[in-house]
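Student: I've just been handed this one and don't know where to start. Can you walk me through it?

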Amino acid sequence: MYQYDEYDQAIVDARVEEFRDQVRRRLSGEMTEDQFKPLRLMNGLYLQLHAYMLRVAIPYGTLSGKQMHMLAHIARKYDKDYGHFTTRQNLQYNWIKLADAPDILAELATVEMHAIQTSGNCIRNISSDQYAGAAADEIEDPRPWAELLRQWSTFHPEFSYLPRKFKIAVIGSEEDRAAVRLHDIGLQIHRNDAGETGFRVFVGGGMGRTPMIAPVIRDFLPKADFLSYMEACLRVYNRYGRRDNLYKARIKILVHEIGADEYRRQVEEEFLHTRTLGLDAPQAEFDRIAAHFAPPAFESGLSDEIDRSDPDFALWLDQQVVAHKVPGYAIVNISLKPTGGIPGDASSAQIDLMADLGETYSFDELRVTHAQNIVLPHVRKSDLYAIWQKLDAAGLATPNLDLVGDIIACPGLDYCSLANARSIPLAQKISERFGEIGRQRDLGELKLKISGCINACGHHHAGHIGILGVDRKGEENYQLSFGGSGAEDASLAKIIGPGFSEDGVVDAIEKAVNVYTALRTDGERFIDTYRRVGEAPFKEAIYG
Amino acid sequence: MKILTGNDLVTGDVIWWTGDGWSRHLEHAVDVDGQGEAIAAREEAARHVNTPYVIQAEMTGEGPRPAHIKDRIRAVGPTVRPDLGLKPADPTIGDWVI
């Protein structure tokens, strides 16, 4: 894992003291809320429905046991004993007091954490593949590049006031576990015909009000040009992105309006200049960063045998554990989606337990996924049973990864001041309706995603089944859509018809699932059947 | 009726204008009639409240009931965590919100 050098630490420490003074001035009346708001947002502090909310950055979703313990400590000391893992691989606290915020940031800084780049019109926290460095299908670990982007983008003077927020994701595999084509910039490490590794660059994707799948702007970007090309991409956006209309300010609108070819032409033109500026990291600096992500000291000669005699363990094993690139090791997915629970929420005790497991069994590493789960990336297969027992005792062993119960849901109207409808109660009802794991497994991979407003923090556009909560004459109403995917087969979900009440949408999902089970062929997932047969039979079953 | 609400500057708590101060309890809210904006401006300047705003509400036998679900949720806390709200022992609180 990356560890701060003296500059990183000095920057974060200075920022804490700067914010402490800003809070003092706000509380003393030297600053109005209008003056203070952009400053607190730059430090991840929002004002939500019930209280201040602090969003803590977890760069590319990677953290150590010590950092995870700190998240638990803050939840216990300053909040209400729990935290919420988000669809951006971050963590949010829902009940923060303004006067405590500087102390919280100071405590975070002691473990190399902060809340910078979690709000505002800057380059946000970089996201990545939760299996980075462990996945069997990985070409190269994307995290050194994500870390390089973090360092390049933090307080970048030219890109701190962009037309709108800007999200970048980096992956190193063919399988897309980070939804790169639904980011402002998505970067995929791949090999060209000469066998060299470089980046496929997607620009102009996103969800929100106007969902778009990013086109490829560069099929192969040599590593040596990484930052200078990123600089060019951002410069063109910063120059021509719409600042006159909040809803048209994202880069996806620019790329769409001028066209991918014209955007590419402008970027390439700008790149001719930026590549002369010495922006790219010297090889020695990149090597320094990459050394932090060197594989841990895996043991060789470990057995791949696992005792499956406990049926509950075997079920969990089949659903939550995936292949690791090193023999004898596995990747463990910890579900934060207990049946009827709140997606992404974890108590301080659960966070501490996961931290302990990371320290004891996973080379002191944990990952947060954009699907609001936690990953132990490097676990010996011989330790899986012990890990499962501890997770099970803590209510963290629900075997539902990528099944209908593994619902992504934004905080919705229960917490969020932007929301139009509640997301969590609906997620709970669906989770309970399909609670029986045997049925979930029979239905197979079924990604269900719920957003409480058009901003789409619940990724409903990318759901095999997507649900958008809207306000219809003061009543919560839910639009149902099918056919979305955030994976390498990215697609946008399409609204199936008129909306429903909360109970109505659960019934409609049941009908859709029944259509799927009636029409599926061997091996077809829900989305495969939907793509093959189209919406008509689903619409007929739901609306009759 | 119209009532005035906002968040406590220091704690972020949801608060309601009572006529001579602020309360965390909606039942203490009073009709601000046409004075809401003026009270809001004065109280915000005094740092007694953050981002105050006037909302429509209906007076019921149990006290004021905000017209919009968002403010009803603000009044009681997240419906999915009644244990964290102001009335954790009230089993009907979810029905009241809806």
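Tutor: Let's go through chain B, then how the chains meet, then some parts of chain A. Keep in mind that this is a predicted model.

Student: OK, how many helices and strands are there in chain B?

Tutor: Chain B has 3 helices and 5 strands. Along the sequence they come in the pattern β-β-β-α-β-β-α-α.

Student: And how does its radius of gyration look for 98 residues?

Tutor: It agrees with a compact globule, because a globule with 98 residues would have a radius of gyration near 13 Å and chain B has 13 Å. The C-alpha trace spans about 35 × 30 × 20 Å along its principal axes. Of those 98 residues, 34% are buried.

Student: What's the strand order in the sheet of chain B?

Tutor: The order is S3-S2-S1-S4-S5 in an open, antiparallel sheet. Strands S3 (22-23) and S5 (63-66) of chain B are the edges, each pairing on one side only.

Student: Which residue is the bridge partner of Trp17(B)?

Tutor: That's Trp22(B), in S3(B). Strand S2 (residues 14-17) of chain B and S3(B) are antiparallel partners, with 2 bridges between them.

Student: Which helices sit on that sheet?

Tutor: Helix H1 (residues 36-45) of chain B packs on the sheet, touching S1, S2 and S4 of chain B, and its direction makes about 140 degrees with that of S4(B). Helix H2 (residues 69-76) of chain B lies across S1, S2, S4 and S5 of chain B, at about 130 degrees to S5(B).

Student: Switching topic: how many residues of chain A are in contact with chain B?

Tutor: 22 residues of chain A are in contact with 20 residues of chain B. On the chain A side, 13 are nonpolar, 3 polar and 6 charged.

Student: Now chain A itself. Which residues touch the most other members of its largest nonpolar core?

Tutor: They are Tyr52(A), Leu54(A), Val203(A), Cys233(A) and Ala512(A), in a core of 181 residues. Helix H6(A) gives the most to this core, with 9 residues.

Student: What is Cys233(A) in contact with?

Tutor: Leaving aside neighbours within four places in sequence, Cys233(A) is in contact with Ile185(A), Val203(A) and Val267(A).

Student: Which residues are buried in helix H7 of chain A?

Tutor: H7 (residues 251-258) of chain A has Ile251(A), Lys252(A), Ile253(A), Leu254(A) and Val255(A) buried. Their cover includes strand S9 (197-203), helix H6 (226-240) and helix H8 (260-274) of chain A. After H7(A) comes Gly259(A), with a positive phi near 95 degrees.

Student: There's an open sheet of 5 strands in chain A too; what's its order?

Tutor: S3-S14-S15-S12-S11, with antiparallel pairing. Strands S3 (62-63) and S11 (321-323) of chain A each have a single partner strand, so one side of each has no neighbour in the sheet.

Student: How many bridges are there between S11(A) and S12(A)?

Tutor: S11(A) pairs with strand S12 (residues 329-334) of chain A over 3 bridges, in the antiparallel sense. Ala323(A) stands opposite Ala330(A) in S12(A).

Student: And what lies across this sheet?

Tutor: Helix H11 (residues 348-361) of chain A lies across S12, S14 and S15 of chain A, at about 25 degrees to S15(A). Helix H12 (residues 384-393) of chain A lies across S11, S12 and S15 of chain A, running at about 10 degrees to S12(A).

Terms used: Residues numbered from 1 in each chain as written. Chains lettered and ligands numbered in written order. Predicted model: local features only at pLDDT ≥ 70, side-chain atom pairs only at ≥ 80, totals over all residues. Buried ≥ 20, exposed ≤ 12 C-beta atoms within 10 Å, placed from the backbone. Helix = DSSP H or I, 4+ residues; strand = E, 2+ residues; numbered from the N terminus. Contact = placed C-beta atoms within 7 Å. Rg over C-alpha atoms; globule rule 2.2 N^0.38 Å. Core = buried A, V, L, I, M, F, W, Y, C linked by C-beta atoms within 7 Å. Nonpolar A, V, L, I, M, F, W, Y, C, P; charged D, E, K, R; others polar. Pairing = 2+ DSSP bridges. Axes fitted to C-alpha atoms, helices over the stretch in contact; angles between N-to-C directions.
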